[in-house]
Amino acid sequence: MAISLEKGGRVNLAKEAPGLSKMHVGVGWDIRATDGSAFDLDASLLMVNSQGKGIGEGGFVFYNNTKSACGSIQHMGDNLTGAGEGDDEVIKVNLTSIPAEVEKLVIVVTIHDAESRNQNFGLIENAFIRILNDDNQQEVVRYDLTEDYSTETSLIFGEIYKKDGDWRFVAKGDGFAGGLGAFLQTYGLA
């Protein structure tokens, strides 16, 4: 039975899914309101070190760079519409191959061309992030983003981080404007 988190909620993945090494990180969403313009949401993952900085371009995985330099993270493809049930985009994570310098994996979802299309997360509903054990497809944790994000064009859905030797997950729901550029700048990569 998966744990359902509220914003700010945390879970120790090692305790909830002993032996977890390969994760399926799924994100999804539905369009609440549209003027007919296409919505293209993009999931990305950034590897962050203990100083709170990205480890470099090889540690940033998104639709245009689908595999991390170390091979531990793989983006499974860009969904241009968000149509259909279940996960709209998936990122696979092999915890055993993550470089020792990495303390945190930040999962962010951005709206492509949000400013020019006048789009924001207030027009999105049923957004979620979930982590499954990739070996048995059992859902370990899920966070449904229920707040009204009417000004945000980018959202950190969650973070997977190392504490006391265990990998943990925190439900974030932290929004910001400025797209991927602003996100990467925060972590010293832009």
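This section describes a six-stranded sheet, the helix packed on it, and the aromatic contacts of the predicted model.

The six strands make up an open sheet with the order β2-β12-β11-β8-β4-β5, and their pairing is antiparallel. Strands β2 (10–12) and β5 (60–61) occupy the edges; each has a single partner strand, so one side of each is left without a neighbour in the sheet. At one edge, β2 is joined to β12 (residues 166–176) by three bridges, and these two strands run antiparallel. Within this pairing, V11 has F169 of β12 as its bridge partner. Helix α3 (residues 179–186) packs on the sheet and touches β4 (41–49), β5, β8 (102–111), β11 (154–163) and β12. The direction of α3 makes about 160° with that of β8.

Strand β4 is mostly covered, with nine of its nine residues buried. The side facing one way carries L41, A43, L45, M47 and N49, whereas D42, S44, L46 and V48 point the other way. Residues of both groups are buried. The pairing of β4 with β8 is antiparallel and extends over nine bridges. The pairing of β4 with β5 is also antiparallel and consists of two bridges. L46 takes part in the contacts to both neighbours: V106 is its bridge partner in β8, and F60 stands opposite L46 in β5.

Five aromatic pairs were found in a search of the whole structure. One of them is formed by F60 and F62, which are stacked with 4.8 Å from centre to centre and 25° between the planes. F60 has a relative accessible area of 7% and is therefore buried. F62 is likewise buried, at a relative accessible area of 16%. The rings of F176 and F183 have centres 6.1 Å apart and planes at 15°, so this pair is stacked as well. Both F176 and F183 are buried. F176 lies in the residue range of β12, and F183 in that of α3. In addition, ring pairs link F60, F62 and Y63 into a cluster.

A contact between a charge and a ring is found at F128, where the charged end of R142 sits over the ring, 4.2 Å from its centre.

Terms used. Residues numbered from 1 in each chain as written. Predicted model: local features only at pLDDT ≥ 70, side-chain atom pairs only at ≥ 80, totals over all residues. Heavy atoms only, no water. Pairing = 2+ DSSP bridges. Helix = DSSP H or I, 4+ residues; strand = E, 2+ residues; numbered from the N terminus. Contact = heavy atoms within 4.5 Å. Axes fitted to C-alpha atoms, helices over the stretch in contact; angles between N-to-C directions. Buried < 20%, exposed > 50% of the residue type's maximum accessible area, 1.4 Å probe, protein only. Phe/Tyr/Trp six-rings, centres within 6.5 Å; stacked < 30°, edge-to-face > 60°. Lys NZ or Arg CZ within 6 Å of the ring centre and 35° of its normal.
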